[in-house]
Amino acid sequence: MDLLNTLVDKGLRRESPTRDEALAVLATSDDDLLDVVAAAGKVRRHWFGRRVKLNYLVNLKSGLCPEDCSYCSQRLGSTAGILKYTWLKPDEASEAAAAGLAGGAKRVCLVASGRGPTDRDVDRVSETIRTIKDRHEDVEVCACLGLLSDGQAERLREAGADAYNHNLNTSEATYGDITTTHTYADRVDTVNKAHAAGLSACSGLIAGMGESDGDLVDVVFSLRELDPDSVPVNFLIPFEGTPLAKEWNLTPQRCLRILAMVRFVCPDAEVRIAGGREVHLRTMQPLALHLANSIFLGDYLTSEGQAGRADLEMIADAGFEVEGADQVTLPEHRVSAAGGCGSHGGAGCGSQAEAGCGSHEGAGCGSHAAGGCGSHEGGGVCGTASAPEPAANEARTDLVAVRRRGAGTDLAPNA
């Protein structure tokens, strides 16, 4: 297919596809799906080999958010039966992080619900970051605390944070349909603040909220322009008790096309499969590893995920390997002279001059799940083996479960 040959050539050169080419990827047929995956896989392997980076979420403060993001179980007015608790102490957060690191994660994502942190909150999170870094010298720490005020990103950086997550979530044109308590421009401003402070920016999207193909392409090109180092792709899990509870619009094939499109538009960025992969990709998860080079390990912010052991087995069975703490995630041209987790200093997700990649305001470390670190709220579980399989695009509410273990509970975490 001429389209795919063109996209591979552009991806290997870090050139941006045209908007029509990106739309054409989303419009491909199921008969062409494996060809699309194979083509995007060439770009993925060129920049990232067969490595898979593991990330682990720690929900520092859950629920009771004053924002009205329609996708989020922690939103104002949500009746979802999620865990609700105030700030974890630094030792508690460090213990939660240790579980993920023991499972193979190299990045810990610290998320807190809310519009944005107060200065006292930044002090609290800074102490948590220092505690984690003191105990785990090589760990990357990403913070996801919502909208940042002037100077806060710099303070997080001084405390040892490596990255900051703030997702754009959807296109600017449709943003007001999803959230009314802040604006798309607010989110862009926070991503820019993270960049300016020397933090590695993490910003992505949520697919499946009723958006059009054009909306998906628009938000991914906006992300490319913002040039984050990592781009989490969340798949909406319609959590009961939220306004989008009836939005079951995704199939495994649709998810794969979306991931392929993101890879072609942001060829050398860390593309992360975030919340919702278990619910919407289901048995196609291993195929998605040919498109993305990063996933979350275990549970999400307010929902359960696939068992950590199953994640590791899936990676090995698919012929990939877990990225080690001593390996630099990003290609050399994206890493600053200081090295590290792949700072913004290089020409990233296609250079900033070429259309780009942005972040959603509280969305978090890439996972959609709550208002937080980007995890998709309801990140989903494997479901039960005895449950009958519904038709491809029927609601799979059997795959959605509220997180009842790990941070904020007395039960061991899933990692």
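1. Is Asp-123 buried, partly exposed or exposed? Asp-123 comes out as partly exposed, with a relative accessible area of 44%. Keep in mind throughout that this is a predicted model, so the values here are computed from predicted coordinates. I'll come back to Asp-123 once the wider picture is set up.

2. A quick overview of the chain. Of its 415 residues, 63% are buried, and the secondary structure runs to 13 helices and 11 strands. The exposed surface is about 14200 Å², with carbon and sulfur atoms supplying 48% of it. If you take the contacts between residues at least 6 apart in sequence, 78% of them join residues at least 24 apart.

3. Strand 2 is a good place to start looking. It spans residues 107-112, and 6 of its 6 residues are buried. In a regular strand, side chains alternate between the two faces of the sheet. Here both faces are covered: Arg-107, Cys-109 and Val-111 lie on one side, Val-108, Leu-110 and Ala-112 on the other, and all are buried.

4. Now for the neighbours of strand 2. Strand 1, residues 51-61, pairs with strand 2 in the parallel sense over 6 bridges, and Tyr-56 stands opposite Val-108 of strand 2. To get from strand 1 to strand 2 the chain passes through helix 4 (residues 90-102), in a β-α-β crossover that is right-handed. Strand 3, residues 140-144, also runs parallel to strand 2, and 5 bridges join the two. A right-handed β-α-β unit turns up here as well, made of strand 2, helix 5 (residues 119-135) and strand 3.

5. The pair I'd pull up in the viewer is Arg-107 and Glu-140. Arg-107 stands opposite Glu-140 in strand 3, and the two form a salt bridge whose closest N and O atoms are 3.0 Å apart. In sequence they are 33 residues apart, Arg-107 in strand 2 and Glu-140 in strand 3, so the pair links distant parts of the chain. Are these two charged residues buried or exposed? Arg-107 counts as buried because its relative accessibility is 1%, under the 20% cut-off. Glu-140 is buried too, at 7%.

6. Back to Asp-123, as promised. Its salt-bridge partner is Arg-155, with the closest N and O atoms 2.3 Å apart. This pair also links distant parts of the chain: Asp-123 sits in helix 5 and Arg-155 in helix 6 (residues 152-159), 32 residues apart. Arg-155 is partly exposed at 26% relative accessible area, and Asp-123, as noted above, is partly exposed at 44%.

7. Which residues do salt bridges with shared partners join into one network? They are Lys-53, Arg-107, Glu-140, Glu-270 and Arg-272. The buried Arg-107 and the buried Glu-140 from point 5 are thus both in that list.

8. One more pair, for completeness. The structure holds 27 salt bridges, and one of them joins the side chains of Arg-13 and Glu-15 at 2.7 Å, N to O. Arg-13 counts as partly exposed, at 49% relative accessibility; exposed would need a value over 50%. Glu-15 is partly exposed as well, with a relative accessible area of 30%.

Terms used. Residues numbered from 1 in each chain as written. Predicted model: local features only at pLDDT ≥ 70, side-chain atom pairs only at ≥ 80, totals over all residues. Heavy atoms only, no water. Buried < 20%, exposed > 50% of the residue type's maximum accessible area, 1.4 Å probe, protein only. Helix = DSSP H or I, 4+ residues; strand = E, 2+ residues; numbered from the N terminus. Pairing = 2+ DSSP bridges. Right-handed = clockwise from strand over helix to strand, strands pointing away. Salt bridge = Lys/Arg side-chain N within 4 Å of Asp/Glu carboxyl O. Contact = heavy atoms within 4.5 Å. Areas by Shrake-Rupley, 256 points an atom, 1.4 Å probe, with all protein chains shown as cover.
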